[in-house]
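I opened this notebook to get to know a new structure, one stop at a time. Here is what I looked up, in the order I went.

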Amino acid sequence: MSIKKVCVIGASGKLGQYMVQHALDLDYDVVGVCRERSVGKLERFKGRITLIPGATNDRELIKNAVAGCDGVLTVLVPWGVNQYSSGTAQAVLDYADPGARLIFSCGWHISMDGQDVYSRTFTTLVKVFGWLGRFLRVVELDDQVEACRRVFASSAKWTVVRGSSLEEGESQGLPVWSEHVGDPILKSDLTRRVDFALFMIKALENDGLIQKAPAIIGCQTPSALTHKS
Ligand SMILES: NC(=O)c1ccc[n+]([C@@H]2O[C@H](COP(=O)([O-])OP(=O)(O)OC[C@H]3O[C@@H](n4cnc5c(N)ncnc54)[C@H](OP(=O)(O)O)[C@@H]3O)[C@@H](O)[C@H]2O)c1
């Protein structure tokens with residue numbers, strides 16, 4: 001499928017800004033959605049993208065933003081305790097054009113088929129972060145799980161990109177991926193955020209990733225270099 005116009009939902013965050021830049025580099029028309037208070041973070045893109053300020057789980061706003069887009073890139077974040085992630089995902093699933101490529105971001109803690117193998121440390125960290133977030137009413141990790149459950153159940157052309165731990169830095173190239181966390185190629189657990197964004201963008205035109213949930217890792221990490229072939 002040839003992509004011409006994309007919507008980046010959560011455009012002002014770190015991942016979102018990288019995706020906007022990659023999309024412009026590919027000459028896509030870009031619509032960005034971000035919270036009103038964060039519009040200033042996109043100042044450097046002024047005049048080059050159409051910006052729609054507002055909450056990403058505002059259904060009418062999302063309906064307007066995704067209209068006519070061949071691709072929708074959604075940063076799924078579990079902030080707050082008001083079903084922000086699942087509300088965002090549902091709005092995208094309900095209103096994106098039929099046939100549009102839908103790419104969602106999340107972390108390794110999301111499992112599509114229950115076949116991922118997690119270290120004890122990882123499982124403990126997710127549990128503690130989830131419990132603490134809910135206790136302090138700032139993060140609702142379970143809602144990101146629910147958002148992805150709805151995506152996985154959908155018949156749309158979705159891809160859920162599961163990011164490893166992230167770092168900043170120059171691009172190292174397109175990350176490699178595997179079906180399941182625990183696969184040896186993913187052992188290094190590190191990806192540059194700019195390359196996470198690149199994977200999201202490239203997924204738009206990769207039909208091999210439709211209805212898959214690739215777990216990604218930087219292509220220059222030791223485990224990727226060892227197991228790439
Ligand atoms: N951080 C990691 O180590 C990591 C690891 C693996 C996967 N991921 C995944 O990568 C994606 C990007 O995450 P990131 O950590 O790198 O952050 P990020 O790109 O900076 O994105 C954070 C997003 O959350 C929004 N946000 C922040 N506070 C909010 C609030 N209170 N209410 C609503 N929205 C709020 C930000 O919008 P504003 O610009 O308006 O603040 C921004 O769009 C996510 O899908 C995450 O699950 C992250």
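**Entry 1: a word to settle before I start.** I call a residue buried if 20 or more other C-beta atoms lie within 10 Å of its own, exposed if 12 or fewer, and partly exposed in between. I also remind myself that this is a predicted model.

**Entry 2: helix α4.** With that cut-off in hand, I counted the buried residues among the 16 residues of α4 and got zero, so this helix is hardly covered. I then checked its length. At 1.5 Å a residue, the 16 residues of α4 should span 22 Å, and the end C-alpha atoms are 22 Å apart, which agrees.

I picked two residues of α4 to look at. Tryptophan 131 lies in this helix. Is tryptophan 131 buried or exposed? I found 11 C-beta neighbours inside 10 Å, so tryptophan 131 counts as exposed. I also took its distance to leucine 186: the two are 55 residues apart in sequence and 26 Å apart in space, C-alpha to C-alpha.

Valine 126 lies in α4 too. Here I counted 15 C-beta neighbours inside 10 Å, so valine 126 is partly exposed. Valine 126 and histidine 109 are 17 residues apart in sequence, and their C-alpha atoms are 7.2 Å apart in space.

Just after α4, I noted that arginine 137 takes a positive phi of about 60°.

**Entry 3: helix α5.** I moved on to α5, residues 141–153. Its 13 residues should span 18 Å at 1.5 Å a residue; I found the end C-alpha atoms 19 Å apart, which agrees. Which residues of α5 are buried? I listed Leu141, Asp143, Gln144, Ala147, Cys148 and Val151. They cover an arc of only 160° around the axis, which puts them on the same side of α5. I kept a general rule beside this: an α-helix has 3.6 residues a turn, so residues three or four places apart point the same way.

What do the buried residues of α5 pack against? I found α3 (84–95), β5, α4 (120–135) and β6 (157–163).

**Entry 4: helix α6.** Next I looked at α6, residues 193–203. Nine of its eleven residues are buried, so α6 is largely enclosed by the rest of the structure. I wrote the buried ones down: Val194, Asp195, Phe196, Ala197, Leu198, Phe199, Met200, Ile201 and Ala203.

**Entry 5: around the ligand.** How many residues surround the ligand? I counted 23, and the closest are Ser12, Gly13, Leu15, Ser38 and Gly163. The elements that give two or more residues to this shell are α1 (14–25) and β5 (101–107). Sorted by class, the shell has nine nonpolar, ten polar and four charged residues.

I stayed with glycine 13 for a moment. Glycine 13 sits in the loop between β1 (5–9) and α1. With 18 other C-beta atoms within 10 Å, glycine 13 is partly exposed. I also took its distance to serine 38: the two are 25 residues apart along the chain, and their C-alpha atoms are separated by 8.5 Å.

**Entry 6: two loop residues with a positive phi.** Glutamine 83 caught my eye with a positive phi of about 55°, although it is not a glycine. Where is glutamine 83? I found this residue in the loop between β4 (71–75) and α3. Glutamine 83 has 17 other C-beta atoms within 10 Å, so I marked it as partly exposed.

Aspartate 189 has a positive phi of about 50° and is not a glycine either. I placed aspartate 189 in the loop between β8 (176–178) and β9 (191–192). Aspartate 189 is partly exposed, with 17 other C-beta atoms within 10 Å.

**Entry 7: stepping back to the whole chain.** I finished with the protein chain, which has seven helices and ten strands. Its C-alpha atoms fill a box of roughly 45 × 40 × 35 Å, taken along the principal axes. With 229 residues, a compact globule would have a radius of gyration near 17 Å; I read 17 Å for this chain, which agrees. Buried residues make up 43% of the 229 residues. Last, I looked at contacts between residues at least 6 apart in sequence: 74% of them join residues at least 24 apart.

Notes: Residues are numbered from 1 along each chain as its sequence is written. This is a predicted model: local features need pLDDT of at least 70, side-chain atom pairs count only at pLDDT 80 or more; totals for chains, interfaces and linings use all residues. A residue is near a molecule or strand if its C-beta atom, placed from the backbone, lies within 6 Å of it. Helices (H or I, at least four residues) and strands (E, at least two) are DSSP runs, numbered from the N terminus. Ala, Val, Leu, Ile, Met, Phe, Trp, Tyr, Cys and Pro count as nonpolar, Asp, Glu, Lys and Arg as charged, and the others, Gly among them, as polar. The expected span of a helix is 1.5 Å times one less than its number of residues. The arc is that of the directions from the helix axis to the C-beta atoms. Two residues are in contact if their C-beta atoms, placed from the backbone, lie within 7 Å. The radius of gyration is taken over C-alpha atoms; the globule rule is 2.2 Å times the number of residues to the power 0.38.
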